[in-house]
Structures are given as C-alpha cells and as structure tokens.
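Let's take a friendly walk through a protein model, starting with a single residue and working outwards to the whole chain. Keep the picture at hand as you read.

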Amino acid sequence: MDQFAVGFLSAFGLPPVEFVDLAGDLGCRFISTVVQGLPLVPLGYPPFSLKDAALRRDMLAAMDHRGVQISLGDGFLVLPGSDTHGFTADLDALAELGVPQIDVVSLDPDLSRTFDQFAVLTELAAQRGIQTVVEPVPGLTVGDLATALAAREYVGRSDFRLLIDTMHLVRSGSSPADVAAIASDHIGYAQLNDTTLQPRMDNYMEEAMFERMVPGEGELPLGDILSALPPDIGIELEVPRRSLALAGISPIDRLRPCVEAARRLLSEIQPR
C-alpha cells in the first residue's frame, strides 16, 4: 500500500469506519481525521465524535482489518479568548487511536497570544506522545512561512514543526526554493493538491475548503515542491472537490485520480 494519507477534507465528513475502508480500497496506508465530524457538504453524512468510546473501538477494528493508520489529527483551532487546555479530551481520544501528530491553525488575530496557545497545545499533545504541526494559511493569523517559522522559534521545541500545503504555500507567495531553505527537521507533514496560480473563486477559504484540483492538473510547481520536502514526512492528499460530490460522484471515484497522479509525481521527483 502507498504511504499517502487520504485527507479528511477530501471526503467531506464521511463516517470514520467508511473512511478507513475508502483509504484501504484506494491502496493508501493513512488517513487524517478530526475529532468532531460535521457535514461540510450536504451529502447525508451524520455528525460524529471520536470522543465516543464505541466509535473509537469500531474505528480501531477497521484500521486493524484494513492496515490503515491515522497520520494526522486535524481541526485544532486557536480562537479569540479560547484556551487550548479545552482540547484535553480531544487529545486523549486521538492518543487512543495512535495519532502521531496534530495540525493547528489560528483564527485569533493576536499573534502573541496565538504563539502562547501554540506552546500550550504542543505541551498538552506531547504529554500524550503526540507531536504538533502548524499550517500557514493565507488570510489566517499564521498566513505564510515566515510567520510559521517565527512560531516555531517561539515555541522552541523539536516536536513543533511546519505543515506545508501546496496551495497555501504558493498562494501565500512562497516558492519551492523557500521550502528547500528550511531545515529538514523543521517540516513535519505535507498536504498535496493543485490549483491555478490566480484565484478561481472570490473567497480564498471557499476555494481551499471545497474546490481544489487533482495534482498535475493545475499550475502549481508540485514536482519542485515535493523535491524540496524532507523525504521521510507524511504526504496527505487534500483534494476536496465539492462540485463532483454534489453531482453524485462517489468518494472513491473522486479520489482515485488523485492517488494515481500522486504516485506518478513521486516517481518522478529528485528527493531533497
């Protein structure tokens, strides 16, 4: 099976056991997940919570049966006035599922407070054997590589690293050379997808959440980005395609071209 992860966002809240089966059917060894799953697109999927012990047992059994693991716990948000100590139950649930790292972004415009909350969350996660990655997203508090690297320096821990998302990287103004200039041990995870260089929708987050492109079908320098990444990190296919989902195209048929394209890309790159 491939080392790729199938990103939670790509399946728009498919129930966890079905999502594990989807990854197995695609020949992928990993998935990312959120603790609280809410329908992102009206596809009839019910909400779920991995804090439900019975659901965790069912998911663990499915993962064991299909040879699938969770590579990333997604959905950790720093909000204005919030305290990341409130994530302890979420982290406990992910630790029981063997999740090795979580992804955090901030919606709090106070950069100093954001960095403080990153440090708190990283410590809470570390207490459970979980590492943390920060994802630079244009328009959010940590919107580019420079700010993410400043956050890493502030937190000052080897288990707090960067997540490189190909769309966010290029749309924030960075290049493969900027990625190559980052020390290998500062990068912990990557999300692979494609898009155009210029926006296709008026709202950036709308495009990022719902309409990305199969790797190789857009304009991003994906081969150069992949070549600049450390060779041993997890690579997740985060390719949400809402228009196809609403047209009745199944998750496996939406994602199979992404997996095949990613295989081709990785077979062609020159590693860092």
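## A residue with an unusual angle

Phe12 counts as buried, because its relative accessibility is 0% and the cut-off for buried is under 20%. Bear in mind that this is a predicted model. Along the chain, Phe12 sits in the loop between α1 (8-11) and α2 (16-26). Its backbone deserves a look too: phi of Phe12 is near 55°, a positive value in a residue other than glycine. Most residues other than glycine have a negative phi.

## The chain as a whole

Now zoom out. How many helices and strands does the protein chain have? The secondary structure comes to 12 helices and 10 strands. Along its principal axes, the C-alpha trace spans about 45 × 45 × 35 Å.

Does this fit a compact globule, and why can we say so? For 272 residues, a compact globule would have a radius of gyration near 19 Å, and the protein chain has 17 Å, so the two agree. Buried residues make up 55% of the 272 residues. Many contacts also link distant parts of the sequence: among contacts between residues at least 6 apart, 79% join residues at least 24 apart.

The outside can be described as well. The accessible surface of the protein chain comes to about 11000 Å², and 52% of it belongs to carbon and sulfur atoms. As for charge, there are 20 positive and 38 negative charges, and their mean positions are 3 Å apart.

## A helix to check with a ruler

Helix α12 covers residues 251-268. At 1.5 Å a residue, its 18 residues should span 26 Å; the end C-alpha atoms are 26 Å apart, so the expectation and the model agree. Which residues of α12 are buried? They are Pro251, Arg254, Leu255, Cys258, Val259, Ala261, Ala262 and Leu265. To read that list, it helps to know that an α-helix has 3.6 residues a turn, so residues three or four places apart point the same way.

## Far in sequence, together in space

Next come some residues from other parts of the chain. The table gives C-alpha separations for a few pairs.

| Pair | Apart in sequence | C-alpha to C-alpha |
|---|---|---|
| Ser32 and Ser71 | 39 residues | 5.6 Å |
| Leu50 and Pro16 | 34 residues | 8.7 Å |
| Arg171 and Val137 | 34 residues | 9.0 Å |
| Val170 and Pro47 | 123 residues | 33 Å |

Ser32 lies in strand β2 (residues 28-34). With 0% relative accessibility, Ser32 counts as buried. Leaving aside neighbours within four places in sequence, Ser32 is in contact with Val6, Gly7, Phe8, Phe19, Ile70, Ser71, Leu72, Tyr189 and Glu236. Ser71, its partner in the table, is on that list.

Leu50 is placed in the loop between β4 (48-49) and α3 (53-66). Is Leu50 buried or exposed? Leu50 counts as buried, at 0% relative accessibility. Beyond residues up to four places away in sequence, Leu50 touches several others, among them Pro16, Val34, Met59, Ala93 and Leu97.

Thr114, in helix α5 (residues 111-126), is another buried residue, with 0% relative accessibility. Apart from residues up to four places away, Thr114 touches Val78, Ser106, Asp108, Thr141 and Val142.

## Two neighbours in one helix

Let's finish with helix α7, residues 166-171. Val170 lies in this helix, and so does Arg171. Val170 is buried, with a relative accessible area of 18%. Arg171 counts as buried as well, at 16% relative accessibility.

Which residues does each of them meet, once neighbours within four places in sequence are left aside? Val170 is in contact with Leu197, Leu220, Pro221 and Ile225. Arg171 touches Pro138, Thr195, Thr196, Leu197, Gln198, Pro199, Arg200, Tyr204 and Glu207. Leu197 appears in both lists.

Definitions and conventions. Residues numbered from 1 in each chain as written. Predicted model: local features only at pLDDT ≥ 70, side-chain atom pairs only at ≥ 80, totals over all residues. Heavy atoms only, no water. Helix = DSSP H or I, 4+ residues; strand = E, 2+ residues; numbered from the N terminus. Expected span 1.5 Å × (residues − 1). Buried < 20%, exposed > 50% of the residue type's maximum accessible area, 1.4 Å probe, protein only. Rg over C-alpha atoms; globule rule 2.2 N^0.38 Å. Contact = heavy atoms within 4.5 Å. Areas by Shrake-Rupley, 256 points an atom, 1.4 Å probe, with all protein chains shown as cover. Lys, Arg positive; Asp, Glu negative; His and termini not counted. Charge placed at Lys NZ, Arg CZ, Asp CG, Glu CD.
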